[in-house]
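Got your viewer ready? Load the model and keep the selection box handy.

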Amino acid sequence: MDSFKNLVNNLTTFPRNLSSSWSKSRTHSTIILLVTIALFFFFSASDTSPTTTTNTTNLTSGLHSATTLISSLPSMLSSNTHLVYNSSGTCSVTAKGQVCHQNVSEIGEVGNDISSCDIFDGQWIADGSGPLYLPGSCPFIDDSFNCFNNGRTDSGYLKLRWKPHGCHIPRFDGLKMLEMLRGKRVVFVGDSLNRNMWESLVCALRASLYNKSRVFEASGRRQFRTQGFYSFRFKDYRCSIDFIKSPFLVQEWKIADKAGTRRETLRLDMIQGSSRKYHDADIIIFNTGHWWTHQKTYKGNNYFQEGNHVYTRLEVADAYTRALKTWAQWVDSHVNPSRTRVFFRGYSASHFKGGQWQSGGNCDGETEPITNETHLAPYPWMMSILESVIAEMKTPVFYLNVTRMTDYRKDGHPSIFRPAKVHNTGRNTGMIQDCSHWCLPGVPDTWNELLFATLLTSHHSALN
């Protein structure tokens, strides 16, 4: 009789235990399967066992074993498909990207295990699933990035997906990401390439919503252009995705020479003043790079300043190192890593042929990515400096190393598909081409897909 009571108790509590271990969608079918198996053994045992008590004992024992098995199944099945990490791990920076060794604290679905995989080492493959949002569908894309509206008709550049070697990254899920960002603030800080990524994320998240009117601009374009700040709010999720213009991360400055003429300098020892607007954000994504290649910056004559001293001549690599160290010191001093996750997006490759952007450089007619790796550019000196600076920081910085993956994509730039009114020359091969920024939808969507994958693997520690 006691065995029978134990059997009843097991049958009563088993579905509840099972439901807590597995999702409800799987529970029902699993219960039916296991009860069927249990009954089979029960009736089989009744043919050979001498007493009902023995039969009941066998069935009770079988249910205990089945419950134990089911409780262990999620971890067994998820060994290569579910991983989320806590903040007790350590990270190291390599030329390929950031490698983290962390302890498992919670289970979260992310496709395949990407913890031991360099997601920035891979290749572009044909993909028929299409872009994260349709060309021309997002009203928030800058005219300069909206290649579809500017007359680009080929679509091959939208049918490629990044595939890391050795693992799979999950497809971007806007609703899942919005749920992770509920009540949070994400801020992109940097140059117009970060604006490229920011607009991509806003459009990809917006595309996942049924009621798109629940996404609104928190500031007007005029304010954005004059103050370098722009924000979108996702009302139902109480989160914002912001962009703050800071092309050098350090402060652009003006100083008066002996004749009283004010001229521009760059304060290598001072973080840009807008930093007070975002130091307590939940996620900050920094970048800087392209403006350090411009002529005035690259020459470094009477331009770089520290304190009251303006260097007559300072090599750009030295200036860049000092600026990044200023940024790193500010992050270590002002950002609380228990609240804020810090990312740094690496250098995004350009593909000018025949000169730079201001001297006849072009990339129009490119509709296929680079397939021969010998045609890729050398690894940028700026990123080697960045990696050495990040390695010395006490604040964990997650390095989105997109340099190599973007170097393949000579087909993804706006080239001549820009607003004709910008140069009053019409849309022709003689206009100044854009071979630095990216069409949207396009390559920056993949950056956000990798950001999404990274957040999925660590959302317990990063977002809660």
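Here's a short walk along one helix and then through some salt bridges.

This is a predicted model, where local features need pLDDT of at least 70, side-chain atom pairs count only at pLDDT 80 or more, and totals for chains, interfaces and linings use all residues. Residues are numbered from 1 along each chain as its sequence is written, and side-chain values use heavy atoms, with hydrogens and water left out.

Start by selecting 192–207, helix α5 (helices are DSSP runs of H or I, at least four residues; strands are runs of E, at least two; both are numbered from the N terminus). Its end C-alpha atoms sit 22 Å apart, in agreement with the 22 Å expected for 16 residues (1.5 Å times one less than the number of residues). Of those 16 residues, 15 are buried (under 20% relative accessible area; exposed is over 50%, partly exposed in between, with a 1.4 Å probe and protein chains only).

Now pick Asp-191: it caps the N-terminal end of α5, with a side-chain oxygen 2.9 Å from the backbone nitrogen of Leu-193.

Next, salt bridges (a side-chain nitrogen of Lys or Arg within 4 Å of a carboxyl oxygen of Asp or Glu); the count is 16. Select Arg-322 and Asp-318, paired at 3.1 Å, N to O. They're four residues apart in helix α8, so about one helical turn separates them.

Then jump to Lys-410 and Glu-366, whose closest N and O atoms are 2.6 Å apart. Both lie in loops, and the pair ties together parts 44 residues apart in sequence. Glu-366 is buried, at 17%.

Finish with Asp-142, Arg-195 and Glu-199, joined into one network by salt bridges that share partners.

Notes: A polar contact is a pair of N or O atoms within 3.5 Å; within protein, one must be able to donate a hydrogen and the other to accept it, and residues adjacent in sequence count only if both atoms are side-chain atoms.
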